[in-house]
There are 2 protein chains.
Amino acid sequence: MSALTLVQEQKCFGGRQVRFKHASAVLSCDMQFSVFLPPQAAEGKVPALYWLSGLTCSDENFATKAGAQRVAAELGIALIIPDTSPRGEAVADDAAYDLGQGAGFYVNATQVPWATHYRMYDYILTELPTLLEAQLPLSDKRAISGHSMGGHGALVLALRNPARFTSVSAFAPIANPVNCPWGQKAFTAYLGEDRTRWEEFDASLLLARRGSPLPLLVDQGDADNFLAEQLKPQTLYTAGMQASANLLLRMQPGYDHSYYFIASFIEEHLRFHAGYLQD
Amino acid sequence: MSALTLVQEQKCFGGRQVRFKHASAVLSCDMQFSVFLPPQAAEGKVPALYWLSGLTCSDENFATKAGAQRVAAELGIALIIPDTSPRGEAVADDAAYDLGQGAGFYVNATQVPWATHYRMYDYILTELPTLLEAQLPLSDKRAISGHSMGGHGALVLALRNPARFTSVSAFAPIANPVNCPWGQKAFTAYLGEDRTRWEEFDASLLLARRGSPLPLLVDQGDADNFLAEQLKPQTLYTAGMQASANLLLRMQPGYDHSYYFIASFIEEHLRFHAGYLQD
């Protein structure tokens with residue numbers, strides 16, 4: 001197991017906002033990630049919310065802009081904030097913002113040149129929790145959430161691995177990537193032309209086929225510029241109805257795709273997850 | 001009076017996070033600033049907290065990182081977030097981060113080449129409130145706060161103009177600029193070699209000499225790298241004691257100079273100001 005190197009530590013709401021670096025075996029590169037450890041972590045193990053960020057983000061956006069630490073400190077929940085792709089000069093990249101570094105889409109790539117490093121699905125599902133639960137005061141209770149591309153990632157990871165998580169939520173997720181430009185571009189590059197391989201990474205298709213034993217909470221702003229073309233929450237909602245899933249989709253009037261939207265509702269997501277993490 | 005041009009508007013905690021551009025007569029350049037209007041501003045006039053940011057900041061840092069909108073929305077207080085200096089290619093600048101653009105120090109400069117544009121004291125004290133109270137749903141109740149260089153600015157503006165504000169607070173202010181490297185460098189450039197002209201822009205000297213009819217709240221992290229050399233809160237504290245001022249200085253153990261520190265305590269500052277703004 002790789003060692004964690006502490007890059008930065010700052011006190012925040014009585015807890016510790018920390019940034020670590022490590023050599024990822026799954027991604028074959030050095031990675032950074034951020035963690036908020038609430039004050040309760042000084043006394044014993046705490047449960048964790050994994051937060052998956054959107055296109056172009058690093059592990060810093062959510063840590064600095066969402067205002068989540070206040071409620072996490074109150075509730076005794078750690079926040080685990082990974083980067084959004086493998087990183088480094090040796091890692092394949094693309095000039096576009098929606099492919100390559102900053103745009104890993106939380107899949108395991110099978111295509112050249114991406115397959116060497118782009119295995120964010122396995123990284124988030126297995127490598128990171130194993131590492132963190134061995135080296136930080138974390139229990140094995142995990143919830144997962146994310147925004148946009150990260151909302152897609154959170155839903156896919158939870159729907160495919162319901163035993164690994166207590167609950168899942170998302171802000172403006174890419175809810176049906178096989179039917180939107182962002183998803184089609186990324187899945188073609190990372191997974192190839194065979195669309196049947198895409199279906200294992202589409203939250204709406206997974207929910208319709210498998211249902212979900214986990215509760216799902218999704219918030220979507222109705223002033224979000226990406227709503228109709230890229231996000232398609234109504235497809236997820238229809239799938240949830242078909243599968244009799246415990247899905248609450250809330251359309252939030254006037255909100256856009258930004259961190260001002262996330263900040264406005266992150267408290268409700270944390271309290272939603274806390275109810276399941278602390279069972 | 002110059003017109004306000006709306007640059008950006010985003011819904012946040014039920015209110016409006018907006019960014020405006022205008023032609024500043026005092027600064028002789030185009031300026032941007034950010035405003036949070038709480039939900040209550042849709043029904044009538046609300047009081048305002050002016051927030052002055054620190055070195056290198058623009059009007060965006062506090063808006064995106066402090067998490068202040070949640071409590072401002074609850075309390076019905078507008079947040080006014082100016083830039084930290086005049087801006088533009090025609091405006092004098094310096095390669096250093098602590099002089100020129102991003103480092104206006106909230107003074108009225110008298111020296112070449114700064115005197116043409118660097119009049120942030122007058123801009124914050126008069127031009128901006130006059131403009132905003134005429135064009136936005138703001139009452140004439142104003143509180144003021146800020147961080148580091150902006151904490152210095154907030155204290156100086158309030159101590160020199162107590163009738164203009166209800167209350168003042170600061171996070172890690174440059175509390176005695178005539179006796180620290182940041183202040184000495186900036187005041188020499190902007191105000192010249194005559195140190196008697198510096199004294200009107202030093203919070204500790206102003207407080208010792210004039211006292212304060214306004215209540216003052218100051219938070220300072222004891223893990224702040226700039227504490228001993230640049231900030232000197234103990235000098236402000238001594239001045240407050242001499243003047244029998246209503247000053248509460250709180251040393252916060254373990255906190256540094258970052259927005260994680262500000263985010264951790266901004267709620268208490270907003271509630272402090274609310275008690276005076278709503279009298």
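Colleague: Why is Cys29(B) called buried?

Modeller: In this predicted model, the relative accessibility of Cys29(B) is 10%. The term buried applies under 20%, so Cys29(B) counts as buried.

Colleague: How do you know that Cys12(A) is buried or exposed?

Modeller: The same cut-off serves here: buried means under 20% relative accessible area. Cys12(A) has a relative accessibility of 0% and therefore counts as buried.

Colleague: What makes Cys12(A) unable to form a disulfide in this model?

Modeller: The closest cysteine sulfur to that of Cys12(A) belongs to Cys57(B), and the separation is 17 Å. A disulfide requires two cysteine sulfur atoms within 2.5 Å, so the pair is too far apart for a bond. A disulfide is, after all, a covalent bond between the sulfur atoms of two cysteines.

Colleague: How do you know that Cys29(B) is in no disulfide?

Modeller: For Cys29(B) the nearest cysteine sulfur is that of Cys57(B), at 18 Å. Set against the limit of 2.5 Å, this pair does not qualify, so Cys29(B) is in no disulfide. Over all chains, the rule gives a count of zero disulfides.

Colleague: What makes Leu49(B) count as buried, and where does Leu49(B) lie?

Modeller: Leu49(B) lies in strand S4 of chain B, which covers residues 46-52. Its relative accessibility is 2%; the limit for buried is under 20%, and Leu49(B) therefore counts as buried.

Colleague: Which residues is Leu49(B) in contact with, leaving aside its neighbours within four places in sequence?

Modeller: Among them are Ile77(B), Ala78(B), Leu79(B) and Ile80(B), as well as Leu270(B) and His273(B). Ile144(B) is also in contact with Leu49(B); these two residues are 95 apart along the chain, with their C-alpha atoms separated by 5.3 Å.

Colleague: What describes the interface of chain A and chain B?

Modeller: In chain A, 21 residues are in contact with 20 residues of chain B. The two chains bury about 1800 Å² between them, with 52% of it on carbon and sulfur atoms.

Colleague: Which elements give two or more residues to the side of chain A that touches chain B?

Modeller: They are strand S1 (5-12), helix H1 (61-65), helix H2 (69-75) and helix H9 (259-277) of chain A. H9(A) gives the most, with five residues. By class, this side of chain A has eight nonpolar, eight polar and five charged residues.

Colleague: How many salt bridges does the rule find across this interface?

Modeller: The rule finds zero salt bridges between chain A and chain B. Polar contacts between the two chains come to 10 residue pairs, both residues being at pLDDT 80 or more.

Definitions and conventions: Residues are numbered from 1 along each chain as its sequence is written. Chains are lettered from A and ligands numbered from 1 in the order in which they are written. This is a predicted model: local features need pLDDT of at least 70, side-chain atom pairs count only at pLDDT 80 or more; totals for chains, interfaces and linings use all residues. Side-chain values use heavy atoms; hydrogens and water are left out. Contact means heavy atoms within 4.5 Å. Buried area is the accessible area (1.4 Å probe) that two parts lose on being put together, summed over both. A salt bridge is a side-chain nitrogen of Lys or Arg within 4 Å of a carboxyl oxygen of Asp or Glu. A polar contact is a pair of N or O atoms within 3.5 Å; within protein, one must be able to donate a hydrogen and the other to accept it, and residues adjacent in sequence count only if both atoms are side-chain atoms. Helices (H or I, at least four residues) and strands (E, at least two) are DSSP runs, numbered from the N terminus. Ala, Val, Leu, Ile, Met, Phe, Trp, Tyr, Cys and Pro count as nonpolar, Asp, Glu, Lys and Arg as charged, and the others, Gly among them, as polar. Buried means under 20% relative accessible area, exposed over 50%, partly exposed in between (1.4 Å probe, protein chains only).
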